[in-house]
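Me: I should like to learn how pockets, ligand surroundings and unusual backbone geometry are read from a protein model. Could we work through one case together?

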Amino acid sequence: MSKDGLILPKDFPQLLNDTFLRAARGEETEHVPVWCMRQAGRYLPEFRETRAGKDFFETCRSPETCCELTLQPLRRFAFDAAIIFSDILVVPQAMGMDVQMVPGKGPTFPEPLKEPEDLQRLQTKVDVGKELGYVFKAITLTRHKIEGKVPLIGFTGAPWTLMSYMIEGGGSNTHSKAKRWLYRHPESSHMLLRMLTDVIVEYLLGQVAAGAQALQVFESHAGILGPVEFKEFSLPYLRDIARRVKDKLKEAGQDVPMIVFAKDAHYGVEDLSQSNYEVVGLDWTIDPRSARERTGGKVSLQGNMDPCALYAPKEQISDIVKRMLEGFGTRGYIANLGHGLYPDMDPENVGAFVEAVHQHSKQMIKQM
Ligand SMILES: O=C(O)CCc1c2[nH]c(c1CC(=O)O)Cc1[nH]c(c(CC(=O)O)c1CCC(=O)O)Cc1[nH]c(c(CC(=O)O)c1CCC(=O)O)Cc1[nH]c(c(CC(=O)O)c1CCC(=O)O)C2
């Protein structure tokens with residue numbers, strides 16, 4: 001245990017494939033590592049079978065089921081990393097909000113935050129270990145059961161994305177209720193973003209203590225902000241999270257790569273590459289070569305094939321992957337989609353994507 005009480009993971013099986021971790025740190029690899037956001041998900045028949053008839057958040061609270069769902073895609077595909085099965089909305093729940101996953105509708109908050117006074121409904125001091133201990137248990141169990149095959153990624157939603165859900169009460173096209181707060185109640189907005197940041201820092205540290213070997217922060221709703229609002233309401237909190245998590249981990253002698261994925265935040269790529277994250281995740285609307293130029297070799301990059309390219313015939317997927325690899329280059333690069341897998345995707349095409357990344361990148365690296 002460190003002097004600050006961060007209990008470090010131990011006694012886990014030895015890691016057999018560290019390609020993903022090396023790529024995150026910009027080190028040499030034999031092939032480009034690949035994983036997919038939402039790789040444990042509804043596109044897999046075995047996922048649908050395990051989830052059948054069970055409430056979504058009940059599933060999230062069962063460490064055994066989360067472990068099983070996390071491992072399912074690894075039994076089919078040669079992914080180079082796994083991401084723990086959970087959801088970003090467990091954080092608002094830990095802060096005292098009721099969140100339900102309504103089939104066919106998605107996340108629903110029966111009592112969203114409407115006015116700044118509603119912040120009083122939130123727990124000010126969240127006991128993260130108590131409220132989110134089930135995620136930590138799932139991580140520890142999965143770290144054992146994964147048998148060192150690949151590293152396990154922990155994750156969280158970023159403050160702005162969670163704030164927008166808490167105010168909108170669910171998904172939204174305009175996010176106008178949440179953005180209204182930014183323009184009308186900037187101080188209360190900052191107060192909520194700070195509260196979320198504090199919980200997220202503890203949550204990520206808890207995930208590492210439980211066994212997470214990398215961390216991804218999802219700012220899924222970055223694109224709804226303009227550059228000015230992004231710099232005020234998203235970026236400072238993303239930076240603060242990485243700095244505080246890294247400072248604590250350093251004290252404990254731990255070095256865990258962190259990935260920031262701010263979807264549709266084209267304008268923020270330069271800033272994100274200087275925000276204490278080792279890896280910047282990209283959606284498919286950014287050209288790989290321009291992302292490399294704009295980040296100037298300061299970080300590794302992750303992404304960014306259009307998920308819909310998985311609807312293409314397999315040979316075409318292979319060509320698209322080859323083009324993407326040529327654009328990013330093979331060093332300091334983690335192949336992924338530009339967003340999560342959709343429920344109607346064909347698992348065979350996911351397999352073709354993974355195979356194409358490995359095959360083309362091995363050839364490219366050999367020819368260097
Ligand atoms: O693969 C894994 O093991 C983890 C998968 C995972 C799930 N949720 C998230 C992840 C991490 C990852 O993407 O790899 C994270 C996540 N949940 C939501 C968001 C925001 C967003 O989509 O706007 C994110 C961040 C990543 C992202 O940007 O995609 C919020 C959310 N959670 C669910 C839904 C409904 C849905 O139908 O997808 C949403 C989006 C609502 C909206 O605003 O449009 C529920 C959900 N979470 C996960 C699954 C499994 C799957 O994808 O099939 C689901 C579906 C519900 C179910 O299984 O019944 C897991």
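**Pockets, ligand and backbone**

Reply: Let us begin with one pocket: among the elements, α10 gives the most to the lining of the second largest pocket, with six residues. Please bear in mind that the model is predicted.

Me: Which elements give two or more residues to the lining of the second largest pocket, and what is the volume of that pocket?

Reply: The volume of the second largest pocket is about 250 Å³. Its lining consists of Thr124, Lys125, Val126, Val128, Met195, Asp198, Val199, Val201, Glu202, Leu205, Arg244 and Lys248. Two or more of the lining residues come from each of α10 (186-210) and α11 (227-251). Sorted by class, the lining of the second largest pocket holds six nonpolar, one polar and five charged residues.

Me: How is empty space located in general, and how much space lies in the largest pocket?

Reply: Rolling a probe the size of a water molecule over the atoms reveals where empty space is left. Here, the largest pocket contains about 1,300 Å³ of space. Its lining comprises 43 residues, and Arg38, Arg42, Asp87, Met101 and Pro107 are the ones that lie nearest its centre. The elements giving two or more residues to this lining are α2 (45-51), β2 (100-102) and β3 (106-108).

Me: How many residues of each class are in the lining of the largest pocket?

Reply: The lining of the largest pocket has 22 nonpolar, 13 polar and eight charged residues.

Me: Which pocket is the space taken by the ligand, and which residues come nearest to the ligand?

Reply: The ligand takes the space of the largest pocket. There are 24 residues around the ligand, and Arg51, Asp87, Tyr165, Ser220 and His339 come nearest. By class, this shell has 13 nonpolar, seven polar and four charged residues. Asp87 appears in both descriptions: it is among the residues nearest the centre of the largest pocket, and it is among those that come nearest to the ligand.

Me: At what distances do polar atoms of Asp87, Ser220 and Phe85 lie from atoms of the ligand?

Reply: Take the side chains before the backbone. An N or O atom in the side chain of Asp87 is 2.7 Å from a nitrogen atom of the ligand. Phe85 contributes through its backbone, where an N or O atom lies 3.5 Å from an oxygen atom of the ligand. For Ser220, a polar side-chain atom is 2.7 Å from an oxygen atom of the ligand. As for area, the ligand taken alone exposes 970 Å², and the protein buries 85% of that.

Me: How many cavities of 30 Å³ or more does the structure hold, and which residues line the largest cavity?

Reply: The structure holds one cavity of 30 Å³ or more. The largest cavity has about 40 Å³ of space. Its lining is formed by Ala262, Ala265, His266, Val269, Leu272, Val280, Gly281, Leu282, Asp283 and Ile286. At least two of the lining residues are supplied by each of α12 (269-272) and β7 (279-281). The classes in this lining are seven nonpolar, two polar and one charged.

Me: Let us turn to the backbone. Which residues does a cis peptide bond join, and what is the phi of Arg38 and of Glu147?

Reply: Most peptide bonds are trans, and most residues other than glycine have a negative phi. In this model, Gly303 and Asn304 are joined by a cis peptide bond with omega of about -10°. Asn304 belongs to strand β8 (residues 300-305). Arg38 is not a glycine, yet its phi is positive, about 60°; Arg38 is placed in the loop between α1 (19-24) and α2. Glu147, also a residue other than glycine, has a positive phi near 55° and lies in the loop between α7 (133-145) and β4 (152-157).

Methods:
Residues numbered from 1 in each chain as written. Predicted model: local features only at pLDDT ≥ 70, side-chain atom pairs only at ≥ 80, totals over all residues. Heavy atoms only, no water. Near = heavy atom within 4 Å. Polar contact = N/O pair within 3.5 Å; in protein donor to acceptor, adjacent residues only side chain to side chain. Areas by Shrake-Rupley, 256 points an atom, 1.4 Å probe, with all protein chains shown as cover. 1 Å grid on protein atoms, 1.4 Å probe; cavity = no way out; pocket = protein on both sides within 12 Å on 5 of 7 lines; lining within 4 Å. Sits in = over half its atoms within 2 Å of the grid points. Nonpolar A, V, L, I, M, F, W, Y, C, P; charged D, E, K, R; others polar. Points joined across faces, edges and corners; volume = space filled by probe spheres on them. Helix = DSSP H or I, 4+ residues; strand = E, 2+ residues; numbered from the N terminus.
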